[in-house]
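Reader: Could you take me through one part of this model up close? I'd like the charged pairs, and then whatever else you find worth a look.

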Amino acid sequence: MIKKVSKNLVTSVITSFIITGCSVKPEMISEEEIKQDVEKSLNVISKVVQPVEQPISLDEAIQRGLNHNLQKRVKILETALAQQQLDLVYYDMLPSLTASAGLSERNNYAASASTSFVNGEPQPLGSNPSYSVSQEKQRTTADLTFSWNILDFGLSYVRAEQQADKFLIAKEKQRKVEHSLTQEIRRTYFEAVSAQDLLKKIQPMMIEVKKALEDSKKMQEQRIAKTPMESLSYQRELLDILRSLHTLENSLISSKIELAELMGLKPGIEFELADKVEKNYEIPNIDMKLEDMERLALENRPELSESRYQERISEKEITAAKLKMLPGINLSTSLSYENSDYLLNNDWYSYGANVSWNLLNVFKASEMNKLAKTQVEVAKEQKLALSMAILSQVHLSIVKFNQAKKEYFLAKEYLDVADDIYDLTKIENEVNINSRLILIKEKLNNILATLRYSASYANVQNSYGRIFVSLGINENKKVLVDKVEDTTVTKASLTEDKKILEETSKVVNEIEEIPQNNNTIVQKEIKSTIQEDSLFNKNFNNSKIKIYKDEKLLINDKEYIVKESDDISKIAKQNGMSIKQIVIDNFWLVEKDRIEFK
């Protein structure tokens, strides 16, 4: 009967486990749960944001990023996780103290009989054997055992030291994220400053270009324009300008969104930046010797600190390998209790010690030691390779910073030239010397020059921030700030830039040379107004324009030197321009009476 009950019980337990296992099915997350999770995430993101109450400066943007950037918060949590893991490892060094208690019961007494053992065989029980009992049907036991394995303590101590180094590695990774985040915010901030100012210029200009395009179409419909081809060419150029403006707007409009993400601001929050695009920026300069910078980088870079800690972890692995080869010594003591009436002593304590040793460890001891030493050598070589890379980054950051400054000075001078050309074009437009299209083109060129200028300054700031990242320090060293006017660059570094500037300045020089016989440009332009009114109503294809060898023409915004075999028609066909456009771009031909109409 007992066997039958036991069999039924075992069968029932096994069946219940099988049924339970078969009842588990994949269950998708419901839409309601997803919505609740999304709502919770949005609430958390909104709570993280610090309110924007005033225009944000660069320092505030960096501070917001360090406090609220979600990627930075992930690194902080990883560091906290490493700290908690270190706390847990400390407990592994402690002895174990195990408490246990139990209740057992059987349906009858464990009665037993004994018999004599003669010549190696037990004698048969008699017809009326005498049974004895030594334990209750129901037993209650309790035990408290203290044990300590000395070998495990030694290994746990080494592992705790290794985990402490891993915690310090996590701290260095957090510091690296801070440096990278600061540099990235610096770069994006000045790009957003440029976008903030230029978008205010681009949008009105797009309206102006669209209006010019509509006016041209109306004139074409009313047949006021000179020829359909000229009207369509005019519209095509306006559409090219409009397309350029849309491309420019698309490249600028995302800057503030990227900055908001880095600062931990929820997308859609409006904010203004404190800085504006300026004519003369203050350019930072690093007042530090290159040798000192190299030493500073090797002392402070988070990656090298990680490598040093990793080397120390590998060195401790040698100690751990040696400990594993030793025998394990286990010390134990316990206090026990049992409620049996058949025991003379219901509670007692015991103690003991035992030694265990895996003898096969002797054969692999040498290989384990070699492996640990190889890991140390690998860590050392990695540190040396990383040191070389860091020194290269320091040198490269200095080179890029100096190059960025040169590009900035070039962009600034280019902007000055573009401003002068735009101012002259506006004056000429006011006195009807040039067309509306030329003014729109020059306005676009001026915006593009401003973009290059502000982008070059953003690159200066980005390169400046990279120097501190390459050194592994925050921007807390003494730096010299020089005004742009007082900043000097070596003649050798500016030689190539000056050549480019000379080419760019020739256009302005030609414009400035126009008023040779008058006191002002405006007087010359007013004098030419009567000529212009009748001039551009004529057919230039029936004209004869005198040009001479080695004279300079402005063709497609580039300087062209006239050859002996050239004439205006040939130059126009080669460059895809109309003769009228060449005359407009080189108005000195009109002033010097070079044009004769047949």
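**Salt bridges, up close**

Author: Let's start with glutamate 311, which is buried at a relative accessible area of 10%. This is a predicted model, by the way. Glutamate 311 pairs up with lysine 383 in a salt bridge, with 3.0 Å between the closest N and O atoms. Glutamate 311 sits in helix α9 and lysine 383 in helix α10 (residues 361-430), so the pair ties together parts 72 residues apart in sequence. Lysine 383 is partly exposed, with a relative accessible area of 24%.

Helix α9 has another one for you: the side chains of lysine 316 and aspartate 165 meet in a salt bridge (3.4 Å, N to O). Lysine 316 belongs to helix α9 (residues 302-324) and aspartate 165 to helix α5 (residues 150-221), so here the joined parts are 151 residues apart in sequence. Both ends are tucked away: aspartate 165 is buried at 2% relative accessibility, and lysine 316 is buried too, at 15%. Add Arg312 and you get a network of salt bridges linking Asp165, Arg312 and Lys316.

For a local pair, go to helix α6 (residues 228-252), where arginine 243 and aspartate 240 lie 3 residues apart, about one turn of the helix. Their salt bridge has its closest N and O atoms 3.3 Å apart. Arginine 243 is exposed at 57% relative accessibility, while aspartate 240 is partly exposed at 33%. Overall, the count comes to 16 salt bridges.

Away from the charges, serine 334 in strand β8 is buried, at 13% relative accessible area. Its contacts beyond four places in sequence include Asp143, Thr145 and Trp348.

Note on methods:
Residues numbered from 1 in each chain as written. Predicted model: local features only at pLDDT ≥ 70, side-chain atom pairs only at ≥ 80, totals over all residues. Heavy atoms only, no water. Helix = DSSP H or I, 4+ residues; strand = E, 2+ residues; numbered from the N terminus. Buried < 20%, exposed > 50% of the residue type's maximum accessible area, 1.4 Å probe, protein only. Contact = heavy atoms within 4.5 Å. Salt bridge = Lys/Arg side-chain N within 4 Å of Asp/Glu carboxyl O.
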